Amino acid sequence: MNDTIIHKTISDKLIIGIDASRNRSGGAVAHLIGILGEAEPQLYGIEKIHIWSYNKLLLALPDRSWLIKHNPRELEGGILSQLYWQRFRFAKDLTRLGCDIVFNTDAGTVGRFKPSVTLSQDLLSYEPGEMERVKWGMARLRIWLLWFMQNRSLRHAKGTIFLTKYASEIIQRATGTLPHVAIIPHGVHEYFRNRPQRRSWPGFGEREIRCIYVSNTSSYKHQWHVVNAIFLLRSQGYPVNLTLVGGGYGPAQRRLEAAIKKWDPSRIFVEQHAFVANEDLPKHLLEADLFVFASSCENMPVTLIEGMSSGIPIACSDRGPMPEVLGMGGVYFDPEVPTSIASAISMLIDDPELRLHSVKVSSELSESFSWKRCADETFAFIAETYQNR
C-alpha cells in the first residue's frame, strides 16, 4: 500500500472508515457481518468504506467492490497492542486514505479521528446493580475503566447509535444528553426465520417438554436460578427438562455447576452444550418447545430476537430492554427468583391459547429486526452526521 495522501474536492463522494479492531464478541461480529452483507452505501452518497480489523473477522466479511479491508499487525496482538494502534496509528491511516468520517463499532475506543459516529453495544458498566455482582479486583477495575472510556468516546462523537431506547436512556444518565442520537436495533439472520414444520406440543405422557436457554454463563445470566426453577416444576409434576447452550467458565460457570449438582445430581433433566456457532443455533431451537431468557443486563438481547424469530413460546426476564423488545409476545418473570421463573413457564405449559398468542406476537415483532433495515439506517445516519457536522 502506498503512502500517498488523498486530497478530496467538495464534489467527491463520502469515504467512511470503520474501526472494527476490537470486535471480538459474538454480537459485535454478527452486527458487522449483518450490516456489511446488506449495505447499499451508494444510496447515501458513500463511495468507499475502509475497514480495519483482525484477519479472522475480515475473512468472514463479504467481498464488495466498495469495501476495502485492512489488517495492521497490531490487531493480531493483545489488548495493549490494539489500543496502541487505535490511539497512535489509526488516525494517520484514515487521513492518508482520505476518509471523511469514522464509524467506531466499540464505544470503548481511544481513537482520536474526528468526526466520528460511535456505536454503543455494552451496557454492563451502566446497568444499576450489575457492578456489585463483580468482586473487587481486576475484573471490576476493567469494568470501571470501560465505563470511563465509553463516556469519553461517546461525549466526543458527533453521532451515537444505541441499540434500544432503554440503553440510550441509561447511558445518557452518565454521559449527559448527547447531541445526535439514533436508535437502531440489531437484525436477525434469515436462517432463524426459515424454519421447517415444528414438532407438535407434547401430549400427556408423550414426552418431556424441552426448555432451552441460549447464552454463555455469566453473573447476570442467572442460569443457576433457571435450573432451580426447572427442579421446582418437576417437583410439581411438570414433565420439563432444560438445555443450556453457550458454555462458560469462571465463577458463573462454577455457580451453575453447583446448582446442577444440588438440584440434578444425576443429570436427569439438565444438559449444557458448549459454544454453538450462530448458524447452527436454529437446529437446537427447532428441537425445543419453550424458550427461556433470564438475563438481567442487556444492551440488545440478540438471542431473544433469535428465539422470537424461531416461533417458540417465550418466558422472559422482566429486566432491562427485554419488555421493549418482546412487548406482549411472552410471559415475564423476575430472573433472580426461581419461583417467578417457574410460574412463567407453568403458565405457558398450562395455557395453549397463551402459547399460541406468544408465538404469534413475538414472530410478528421479530420481522422488524432485519439486517437490511439496520444497514440502511446505520449508513444513512453516518452520512447525515457528516453532512451536519
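The questions below concern the strands and sheets of a predicted model.

Me: In what order do the strands of the six-stranded open sheet run?
Reply: Strands in a sheet pair through backbone hydrogen bonds, either parallel or antiparallel. In this open sheet of six strands the pairing is parallel. The order is E10-E9-E8-E11-E12-E13.

Me: Which strands are the edge strands of that sheet?
Reply: An edge strand here pairs on one side only. That holds for the strand at 270-273 and the strand at 331-333. The edge strands are E10 and E13.

Me: Which residue in E10 is the bridge partner of Leu-244?
Reply: Strand E9 covers residues 240-245 and pairs with E10 in the parallel sense over four bridges. Leu-244 has its bridge partner in E10. That partner is Gln-272.

Me: What angle does the direction of helix H10 make with that of E11?
Reply: Helix H10, residues 302-309, packs on the sheet. Strands E8 (209-214), E11 (290-293) and E12 (314-317) are touched by the helix. Its direction and that of E11 make an angle of about 165 degrees.

Me: Which strands are the edge strands of the seven-stranded open sheet?
Reply: This sheet has parallel pairing and the order E3-E2-E1-E4-E5-E6-E7. The strands at 67-70 and 181-183 each pair on one side only. These edge strands are E3 and E7.

Me: Which residue in E7 is the bridge partner of Thr-160?
Reply: Strand E6, residues 159-162, pairs with E7 in the parallel sense. The pairing runs over three bridges. In E7, the partner of Thr-160 is Val-181.

Conventions:
Residues are numbered from 1 along each chain as its sequence is written. This is a predicted model: local features need pLDDT of at least 70, side-chain atom pairs count only at pLDDT 80 or more; totals for chains, interfaces and linings use all residues. Side-chain values use heavy atoms; hydrogens and water are left out. Two strands pair if DSSP finds at least two bridges between them. Helices (H or I, at least four residues) and strands (E, at least two) are DSSP runs, numbered from the N terminus. Contact means heavy atoms within 4.5 Å. Axes are lines fitted to C-alpha atoms, for helices over the stretch in contact, and angles run from 0 to 180 degrees between N-to-C directions.
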